[in-house]
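User: I'd like to go through this one and ask where the labels come from. Can you show it first?

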Amino acid sequence: MPLIAVLPGDGIGPEVTREARRVLEALDLGLSFEEAPVGGAGYLASGHPLPDATLALAKRADAVLFGAIGDPRFEKLERHLRPEAALLGIRKALGLFANLRPATLFPGLEDASPLKPEVVNGLDIVIVRELIGDIYFGEKGHRTTPDGLRQGYDVMSYDEQEVTRIARVGFEMAKRRRKKLCSVDKANVLETSQLWRDVVTAMGAEYPEVELTHMYVDNAAMQLVRAPAAFDVIVTGNLFGDILSDQASMCAGSIGMLPSASLAAWSGANGMYEPIHGSAPDIAGQGKANPCAAILSAAMLLRHSLEDEASAQRIEKAVAAALAKGARTADLGGTLSTAAMGDAVLSELQ
Ligand SMILES: NC(=O)C1=CN([C@@H]2O[C@H](COP(=O)(O)OP(=O)(O)OC[C@H]3O[C@@H](n4cnc5c(N)ncnc54)[C@H](O)[C@@H]3O)[C@@H](O)[C@H]2O)C=CC1
Ligand SMILES: CC(C)CC(=O)C(=O)O
Ligand SMILES: [Mg+2]
């Protein structure tokens, strides 16, 4: 019986995860679920945002269903005690270097995006984001300059192996899709990006069927507004992927629509599945959050960790059917509560 670790986290995390779990349970796949606190909830329960028992559960589970972390009450704590440290810590501890963030426009949601319908029509892209390197994991700290000024620093670095393994995921993904890979960097300024571009370019020779392009991240941000549907697969680093995926979410109508899979291997391994959004303190506890990103993350869990493509598609089709019938939370211009949106998806499960 596959074990799913459920880590709801903070803010809207528990609200959207509840709906994702209901959908998984409704499929009656013989899954078992075990829940544990993480983030601010972990800190409250045990004095640490990533309690030992939570990490142990994540390690022994077949897959992790993650909500979101972040709690303004803990913003002033030392960095390693803040909720965000738990998310970075669990990704690192599980070796989840590949973060897949598909941005798809579901039929009927053209009007939910602030972009024109003709711009977002046909949107079906995947951002492959490196997840356990880059500036988020480099040396960081505070010091005083010789002039007596306070200075903060964060070191950005990538080694060849880190770039190679994520580039491989990008190429393999593109090979299985429309065969277009856009590598996004800032190689005109950053040494890390120059190495990134060299490694990706060299690997391109192994994939003659994939059309490889390179784009600076500032241009990529602009192109995601101008013509997002022209992309197929984007492969990029941790920081750029974090920012570009939030941006891409608005092409799909809302940040509440984008799921993600975080993987330690291209296929077959356990992984962690979470919406790309955060804990949304501004709407937490009000039943306003869109659970679709969490529900679609559960579909990705079935696809990537349990290799159950048929059940993954059942969930995705149910979300599409509910949206096609007009089910909408507030972020999509509707009035449904989080639970009512979950109900709408559940009623479409075939
Ligand atoms: N993966 C994670 O757990 C992440 C955690 N965070 C943390 O979350 C906290 C809040 O960060 P923010 O920058 O405000 O980002 P956020 O993603 O939590 O919220 C940004 C905006 O989007 C809205 N939003 C987000 N998810 C939504 C949903 N499912 N349905 C409807 N509206 C939704 C929020 O109401 C807010 O206005 C911070 O503590 C941050 O560090 C931020 C991003 C990712
Ligand atoms: C703690 C942050 C790095 C989380 C985030 O924004 C993300 O993974 O998208
Ligand atoms: Mg983010």
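**Where the labels come from**

Analyst: Start with ligand 2, which has Glu84, Leu87, Asp242 and Ile276 around it. Keep in mind that the model is predicted.

User: What makes those residues the surroundings of ligand 2?

Analyst: The cut-off is a C-beta atom within 6 Å of the molecule. Glu84, Leu87, Asp242 and Ile276 make up the shell on that basis. By class that shell splits into 2 nonpolar and 2 charged residues, with no polar ones.

User: And what does the shell of ligand 1 look like by class?

Analyst: Around ligand 1 there are 11 nonpolar, 6 polar and 4 charged residues. Of the 21 residues there, Gly70, Gly256, His277, Gly278 and Ala280 come nearest.

User: Zooming out, why is the protein called as compact as a globular protein of its length?

Analyst: The protein has 12 helices and 12 strands. Its radius of gyration is 20 Å, and the globule rule gives 20 Å for 350 residues, so the protein counts as being as compact as a globular protein of that length. The C-alpha atoms fit a box of roughly 60 × 50 × 40 Å along the principal axes, and buried residues are 51% of the 350.

User: How is the protein divided into domains?

Analyst: The domain assignment gives domain 1 as 1-100 + 258-350 and domain 2 as 114-251. Their C-alpha centres sit 24 Å apart. Where they meet, 12 residues of domain 1 contact 17 residues of domain 2. Helix 4 (83-93) and strand 4 (98-104) each supply at least two residues to the domain 1 side of that meeting. By class, that side has 8 nonpolar, 2 polar and 2 charged residues.

User: How do you know where the largest nonpolar core lies relative to the two domains?

Analyst: It comes down to who contributes. The core has 109 residues, and Val128 and Ala298 touch the most other members. Helix 10 (residues 292-304) gives the most to the core, with 10 residues. Domain 1 and domain 2 both give residues to this core, so the core lies between them.

User: Which residues does Ala298 touch, leaving out those up to four places away in sequence?

Analyst: Ala298 touches Ala20, Val23, Leu24, Leu65, Tyr273 and Ile315.

User: Why is Arg303 called buried?

Analyst: The bar for buried is 20 or more other C-beta atoms within 10 Å. Arg303 has 21 such neighbours, so Arg303 counts as buried. This arginine is found in helix 10, and touches Glu309 and Ala312, again not counting residues up to four places away in sequence.

User: What makes Asp134 buried, and what stands out about its phi?

Analyst: Asp134 has 24 C-beta neighbours inside 10 Å. The threshold is 20 or more, so Asp134 goes down as buried. Phi of Asp134 is near 75 degrees, a positive value in a residue other than glycine. You'll find Asp134 in the loop between strand 5 (124-130) and strand 6 (140-144).

User: Is Glu307 buried or exposed, and why?

Analyst: Exposed means 12 or fewer neighbours. Glu307 has 10 C-beta neighbours inside 10 Å, so Glu307 counts as exposed. Glu307 sits in the loop between helix 10 and helix 11 (309-324), and its phi is positive too, near 50 degrees, in a residue other than glycine.

Definitions and conventions: Residues are numbered from 1 along each chain as its sequence is written. Chains are lettered from A and ligands numbered from 1 in the order in which they are written. This is a predicted model: local features need pLDDT of at least 70, side-chain atom pairs count only at pLDDT 80 or more; totals for chains, interfaces and linings use all residues. Helices (H or I, at least four residues) and strands (E, at least two) are DSSP runs, numbered from the N terminus. The radius of gyration is taken over C-alpha atoms; the globule rule is 2.2 Å times the number of residues to the power 0.38. Ala, Val, Leu, Ile, Met, Phe, Trp, Tyr, Cys and Pro count as nonpolar, Asp, Glu, Lys and Arg as charged, and the others, Gly among them, as polar. Domain bounds come from an automatic or database domain assignment. Two residues are in contact if their C-beta atoms, placed from the backbone, lie within 7 Å. A nonpolar core is a set of buried Ala, Val, Leu, Ile, Met, Phe, Trp, Tyr and Cys residues joined through C-beta atoms within 7 Å.
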